[in-house]
Amino acid sequence: MRDRCSRRAAALAAGAVAAVLVGVLCLLRDYLIRPFWYDEIWRAHVVSEPARSLWAELGVANTPSALGWLGVTRLFGDAFGWHSWSLRLPGFLAVPLLGVAIVLVASRYAGAVTAVLAAGWICLNSTFLDLATQLKPYALETLASAVILILWAGDHLPTAAPASLTAAPTAPRTDQPGPPPREGADRGPQARVPAGRDAEGVKAARLVRRTAAGLVALFSVPGIFVIAPLSALDLWRGPRRRARLLECLPALALVGVHTVVFVAHQSSQRNGVYWDQQFLAGRGPFAALRFIAEQIRFTLTGSPPGIDRFDPSLVHGSVPLGASGPLLTVLLALVILGGAAVGTRTLARRPDGRQLLAALGGAELMMLGASAGRYWPFGPTRTNLFIAPMIVVVVMVGFGRVIRRLVLVVNREFPGKGPEAVADGPTVVIPTPSKPTLEVEPSHSVPISRSGSSAVPLPAETARAFPSSPPPTISRLGATLPGGASPPRAGRPHVALPGLALAAAALLALLGSGALLAANSTAGARLVWDHRDRTRGLDLMVDAAIATRRAARSGDVVAVGGRLARPGWLYAMEASDDGARDPADLPPVQSAHRAGAPVSLSRSGFTDGPSRIARTDTIFFGGSVSPLATQLNARRVAPRGLLVFVIDIESRELAGEVAALPRAGWCPARSWTFRLTGVLTRYDRCAAGGTASGRR
């Protein structure tokens with residue numbers, strides 16, 4: 001019955017969280033339709049690349065992408081058109097699903113209120129919302145990790161958790177007659193194995209769940225960091241190791257092949273410098289220890305712990321604390337560390353709790369080892385967002401347990417009306433005795449007053465004071481010991497006033513710390529709202545591509561300058577179905593059509609205006625490739641006209657190549673500027689004795 005109520009409470013909590021998150025995303029719907037900026041449009045290019053050239057493009061991708069994420073994003077593009085909103089939609093949908101998954105994970109170990117707070121701490125965080133509303137895989141990867149935990153722990157049914165933070169923990173009843181509990185039954189905090197299933201049935205179910213977890217891991221690049229520790233825990237000790245290896249083998253094979261073949265092929269950025277600050281590689285022993293300590297400090301001082309602290313393009317809000325800010329930051333980190341310690345101790349007593357701890361600890365160790373080989377960054381970065389829910393669940397379980405204990409201490413001294421809960425005892429005091437009798441149970445050696453279905457343990461000092469005296473008499477007004485003495489009231493042991501004050505102060509401090517952590521987590525909400533239509537940079541690439549298509553004439557060649565411009569240009573020119581953000585800044589269609597050029601169709605099958613310029617008619621220059629003038633002279637057919645687009649952030653490096661064009665016989669005719677993106681310039685053959693130039 002309690003299991004059923006606990007599951008019903010978890011289901012209601014999950015539904016409420018999903019509804020709230022859907023409402024938040026509806027408010028942020030403008031994030032769906034704004035144009036891609038650089039860190040999104042290169043991913044859109046990889047997703048939309050034709051199958052014949054996809055493998056080559058993955059080899060030069062900025063960061064690796066999971067096969068599942070690529071597949072589902074490409075499916076949305078093919079189904080709904082290659083728009084910014086359709087490609088961002090999977091990340092949007094992952095947010096409420098992640099909230100549900102966190103509630104289901106946390107409710108196994110704590111009450112529904114604790115689970116809701118854990119989900120809100122992650123999913124309503126300003127940095128997380130800013131990241132999840134972009135075309136990036138991190139929200140889906142975080143969801144995949146939570147689903148893996150749910151599937152892997154499926155063979156341990158959740159026990160009846162308290163319904164709120166202040167609910168009192170209880171233990172199994174020992175005063176009822178009947179046979180002793182059977183092996184495998186629920187014993188306190190330990191999860192139980194479902195009765196009525198034979199060994200083969202459980203084995204088959206575990207095989208199915210673990211294989212499903214392996215399939216889910218294909219949607220997450222760091223999926224191996226979760227699957228491998230969970231499998232190691234299964235094989236560490238206990239019976240049926242060989243059978244458990246067979247159960248884990250499909251998941252290990254799936255995630256292993258995915259990582260070694262597909263993800264490792266996309267590791268070109270390990271040769272760059274972008275993640276150098278997050279790599280353990282290249283550090284001496286003392287520098288390595290300092291690096292690890294710093295990353296742990298950054299993790300604990302985040303709200304929630306584990307959220308990204310380094311990406312300058314994301315919203316990082318915090319409550320202004322003035323001169324006391326550093327001190328409060330340290331105190332909050334100690335509070336989180338204490339909650340994590342209590343939560344770890346609590347979860348370590350449960351089989352499913354040990355799975356969560358193994359996944360978290362194993363992922364951290366594997367990421368640290370991968371950073372030593374420059375394969376994976378270590379610390380609270382966006383790539384490691386997938387472990388943030390695990391950290392939050394551990395901390396919230398610890399918070400919930402501490403708060404329940406403190407509330408019980410306060411309630412013992414100032415009880416309210418109704419039944420009283422004994423903190424650590426196996427019974428509950430219900431003041432409805434009717435003709436009670438007094439017995440001494442040999443297993444406890446404590447006088448027990450039985451009344452109906454409830455039992456009241458009298459204090460142990462009472463039994464020791466009267467070892468051979470007749471039983472005390474009990475009336476509706478209370479118990480009377482021999483000689484007229486009255487025992488202390490059961491369930492209300494005396495609490496010294498200083499101890500009570502300390503418990504109350506600790507409770508208030510913990511609640512205040514929680515409020516401050518929540519405020520820090522959502523402090524950037526105003527910025528998220530204000531930035532819903534902001535220009536991040538390089539987000540007018542589609543406008544530049546449409547302008548190029550309109551300005552191009554028959555026989556023209558397009559030159560795109562800048563290493564960072566290539567993926568965005570290819571997506572904007574070859575795949576995007578979006579219109580221009582600022583149509584007024586584009587050349588008119590009537591005078592810009594290429595003579596004889598057919599009207600093109602988009603990938604969705606709709607009329608798409610002037611024809612898209614083929615990749616064979618496009619030159620990319622900058623970086624390590626040949627200079628632009630050299631590539632133009634090497635073409636078999638000399639171009640009649642030239643359209644040159646230079647990306648804004650690399651314009652200084654490419655100024656020399658552009659300046660060489662007049663010496664090669666190309667003179668600028670007209671230019672179009674796209675703010676924070678680049679400049680498009682039309683070049684014609686220079687006339688004898690002069691040039692024609694213009695700028696808009």
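A residue counts as buried when its relative accessible area is under 20%. By that yardstick, 48% of the 696 residues in this chain are buried. Welcome to the structure, which is a predicted model. Its chain folds into 23 helices and twelve strands, and the points below walk through its core, its salt bridges and its cavities.

**The chain as a whole**

- Among contacts with a separation of 6 or more, 77% join residues that sit 24 or more positions apart.
- The accessible surface adds up to about 32600 Å², and carbon and sulfur atoms make up 63% of that area.

**The nonpolar cores**

- The largest nonpolar core brings together 141 residues. Look for F128, W569 and F674 in it, since these have the most contacts inside the core.
- Helix α16, which spans residues 388–413, supplies the largest share of this core, with 13 residues.
- What does W569 touch, leaving aside its neighbours within four places in sequence? Its contacts are M541, A544, A545, T548, V558, V560, T618, F620 and F645.
- There is also a second core, separate from the largest one, with 13 residues. Among them are V557, A559, L642 and W666.

**Salt bridges around R206**

- The whole structure contains 22 salt bridges, and a good place to start exploring them is R206.
- R206 pairs with D234, and their closest N and O atoms are 3.8 Å apart. This pair links distant parts of the chain, 28 residues apart: R206 belongs to helix α10 (residues 199–217) and D234 to helix α11 (residues 224–236).
- Are these two partners buried or exposed? Both R206 and D234 are buried.
- R206 also forms a salt bridge with E247, at 2.7 Å from N to O. Because R206 lies in helix α10 and E247 in helix α12 (residues 241–263), this bridge ties together parts that are 41 residues apart in sequence.
- E247 is buried, just as R206 is.
- These bridges belong to a network of salt bridges that links R206, R210, D234, R240 and E247.

**A salt bridge within one helix**

- R290 and E294 make another salt bridge, with 3.4 Å between the closest N and O atoms.
- Here both residues lie in helix α13 (residues 285–300). They are four residues apart, which is about one turn of the helix.
- How accessible is each partner? R290 has a relative accessible area of 60%, so it is exposed. E294 is partly exposed, because its relative accessibility is 26%.

**Cavities inside the model**

- How many cavities of 30 Å³ or more does the structure hold? There are four of them.
- The largest cavity has a volume of about 70 Å³.
- To find it, look for the residues that line it: A101, I102, V105, T142, S145, A146, L149, L356, F386, P389, M390 and V393.
- Three elements each give two or more residues to this lining: α6 (84–106), α9 (138–152) and α16.
- Helix α9 provides the largest share of the lining, with four residues.
- Helix α16 is worth a second look: it contributes to the lining of the largest cavity, and it also gives the largest share of the largest nonpolar core.

Technical notes:
Residues numbered from 1 in each chain as written. Predicted model: local features only at pLDDT ≥ 70, side-chain atom pairs only at ≥ 80, totals over all residues. Heavy atoms only, no water. Core = buried A, V, L, I, M, F, W, Y, C linked by side-chain atoms within 4.5 Å. Buried < 20%, exposed > 50% of the residue type's maximum accessible area, 1.4 Å probe, protein only. Contact = heavy atoms within 4.5 Å. Areas by Shrake-Rupley, 256 points an atom, 1.4 Å probe, with all protein chains shown as cover. Salt bridge = Lys/Arg side-chain N within 4 Å of Asp/Glu carboxyl O. 1 Å grid on protein atoms, 1.4 Å probe; cavity = no way out; pocket = protein on both sides within 12 Å on 5 of 7 lines; lining within 4 Å. Points joined across faces, edges and corners; volume = space filled by probe spheres on them.
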